[in-house]
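Notebook open, model loaded. I'll jot down what I look up as I go.

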Amino acid sequence: MLAALLKMMSDGQFHSGESLGKTLGVSRAAVWKSLRRLEEDGYPIQRVRGKGYRVPRGATLLNLDEIISAFPGEPGADIQWQLLGTVDSTNAQLMSRLSMDNPRPLACIAEQQSAGKGRRGRDWVSPYGQNIYLSLALPFSGGAQRLEGLSLLVGLVLVETLEAGGFSGCALKWPNDVLLDGRKLAGILIEIAGDLTSDCVAVIGVGVNVLMNDADAAIDQAWTSLLLSRQGGTLNRNLLIAEFIRRLLSAVEAFRAEGFAPYVNAWERRDAWRGLPVCVRSGTTSIEGVELGVDARGALRLGTVDGEVLLNGGEVSLRLKHDS
């Protein structure tokens with residue numbers, strides 16, 4: 001019933017509990033109980049006495065039929081899709097399902113994660129029905145070396161997807177964060193399985209804050225969501241997921257042939273900290289300098305007092321110098 005309720009309310013208008021219940025053939029109390037559970041999880045439901053309930057325009061539950069139908073042509077048919085209500089993490093789910101004998105892409109999407117993780121083992125706050133929790137498993141040949149710059153490419157594709165969806169000002173923070181108004185909007189986590197010197201699979205995990213509007217106590221850094229940006233872009237997660245995967249599959253084909261080099265300029269145009277003093281930490285060591293952009297392999301170019309230094313991804317932390 002919840003999916004039907006949100007679909008009816010996705011026009012962004014007020015709907016009375018009585019009218020919603022009448023359409024669905026249930027009581028007004030049943031409507032209230034269903035929506036109340038979402039409210040308790042922080043879902044952005046507005047209630048006004050005499051008007052009823054309202055959710056942001058485009059706010060619906062995930063629907064595989066809508067996602068697949070949003071693909072032009074038939075590329076979505078090549079993917080083995082999995083839509084879950086709650087999962088420990090979409091990356092972990094795909095890692096457990098991988099088969100090196102199956103070259104087809106796998107996609108896992110969930111309404112909620114109970115143990116979502118970001119880089120460096122950080123928890124990824126994952127309330128029900130509010131954000132995008134997506135993992136895509138793609139086969140690659142040539143070993144892990146051929147994957148240099150992949151996380152940057154995924155971030156670039158995600159920003160281009162959000163721009164196409166009506167959200168301006170999204171920026172990239174090396175190696176795999178998306179910022180909006182200087183706050184974290186999305187993150188990327190890539191895990192590799194298989195033979196790191198030959199055929200392997202990259203499990204690309206993406207988390208995007210879409211409808212979340214109240215999680216300050218659970219998040220230890222400045223964050224935002226598409227809803228909080230108040231830009232009026234699409235908040236329909238099904239359409240955003242379809243557009244992102246469509247763009248990513250196309251970009252990965254070029255990446256397999258040419259690597260990250262063709263995407264350097266586009267990435268640098270959206271580089272949030274280019275030209276700014278930063279501090280890069282790895283374990284107990286840190287390097288200060290000016291962020292100069294990235295090279296053709298996706299390494300960070302850092303201008304230091306001793307000259308330019310190239311830094312690769314991994315367990316490193318990049319911070320603006322005044323925040324370090």
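I started at glutamine 80, which I found in strand S3. Keep in mind that this is a predicted model. Is glutamine 80 buried or exposed, or partly exposed? I got a relative accessible area of 25% for glutamine 80, so the residue goes down as partly exposed. I also checked its distance to proline 105: the C-alpha atoms of glutamine 80 and proline 105 are 6.3 Å apart, while 25 residues separate the two in sequence.

**The sheet**

Next I wanted the sheet that S3 belongs to. In what order do the strands of the open sheet run? I read off S3-S4-S5-S9-S8-S7-S6, 7 strands with mixed pairing. S3 (80-87) and S6 stand at the edges with a single partner strand each, so each has one side without a neighbour in the sheet. I also noted the twist: ignoring direction, neighbouring strands are turned by 20° against each other on average.

**Strand S9**

I went to S9 (residues 200-208) and looked at its burial. How many of the residues of S9 are buried? My note says 9 of 9. A general reminder to myself: side chains in a regular strand alternate between the two faces of the sheet. In S9, one side carries Cys200, Ala202, Ile204, Val206 and Val208, the other has Val201, Val203, Gly205 and Gly207, and both faces are covered.

Then I looked at the partners of S9. S5 (residues 132-140) runs antiparallel to S9, and 9 bridges join the two. One register point I wrote down is serine 135, whose bridge partner in S9 is glycine 205. S8 (residues 183-194) is also antiparallel to S9, again with 9 bridges. Here I have alanine 186 opposite valine 208 of S9. The link from S8 to S9 is a hairpin through 5 residues.

**The S6 end**

At S6 (residues 170-173) I checked where the side chains point. Cys170 and Leu172 go one way and Ala171 and Lys173 the other, and I found all of them buried. I made a separate note of Lys173, since it is on the buried list too. S6 pairs with S7 (residues 177-180) in the antiparallel sense, over 4 bridges. Cysteine 170 sits opposite leucine 180 of S7, and a hairpin of 3 residues connects S6 to S7.

**Helices on the sheet**

Which strands does helix H8 lie across? For H8 (residues 237-258) I listed S3, S4, S5 and S9, with the helix running at about 20° to S5. H5 (residues 90-97) lies across S3, S4 (106-113), S5, S8 and S9, and I get about 145° between H5 and S4.

**Aromatic pairs**

I ran the ring search and it returned 2 aromatic pairs. I wrote up one of them, phenylalanine 140 with phenylalanine 255: the ring centres are 6.4 Å apart and the planes stand at 90°, so I call it edge-to-face. Phenylalanine 140 is in S5 and phenylalanine 255 in H8, so this pair ties together parts 115 residues apart in sequence. Are these two rings' residues buried or exposed? Phenylalanine 140 has 5% relative accessibility and counts as buried. Phenylalanine 255 is at 1% and counts as buried as well.

**H1 against H3**

Last local stop was a helix pair. As a rule, two packed helices are described by the angle between their axes and the distance between the axes. For H1 (residues 2-9) and H3 (residues 28-40) I have an angle of about 85° and axes 10 Å apart. H1 and H3 are therefore roughly perpendicular to each other. On the H1 side the contact uses Leu2, Leu5, Leu6 and Met9, and on the H3 side Val31, Ser34, Leu35 and Leu38. I sorted these contact residues into 7 nonpolar, 1 polar and no charged.

**Whole protein**

I closed with the totals. The protein has 9 helices and 14 strands. There are 324 residues, and 50% of them count as buried. Of the contacts with a separation of 6 or more, 64% come from residues 24 or more positions apart.

Note on methods: Residues numbered from 1 in each chain as written. Predicted model: local features only at pLDDT ≥ 70, side-chain atom pairs only at ≥ 80, totals over all residues. Heavy atoms only, no water. Axes fitted to C-alpha atoms, helices over the stretch in contact; angles between N-to-C directions. Parallel < 35°, antiparallel > 145°, perpendicular 65-115°, else oblique. Contact = heavy atoms within 4.5 Å. Nonpolar A, V, L, I, M, F, W, Y, C, P; charged D, E, K, R; others polar. Buried < 20%, exposed > 50% of the residue type's maximum accessible area, 1.4 Å probe, protein only. Pairing = 2+ DSSP bridges. Phe/Tyr/Trp six-rings, centres within 6.5 Å; stacked < 30°, edge-to-face > 60°.
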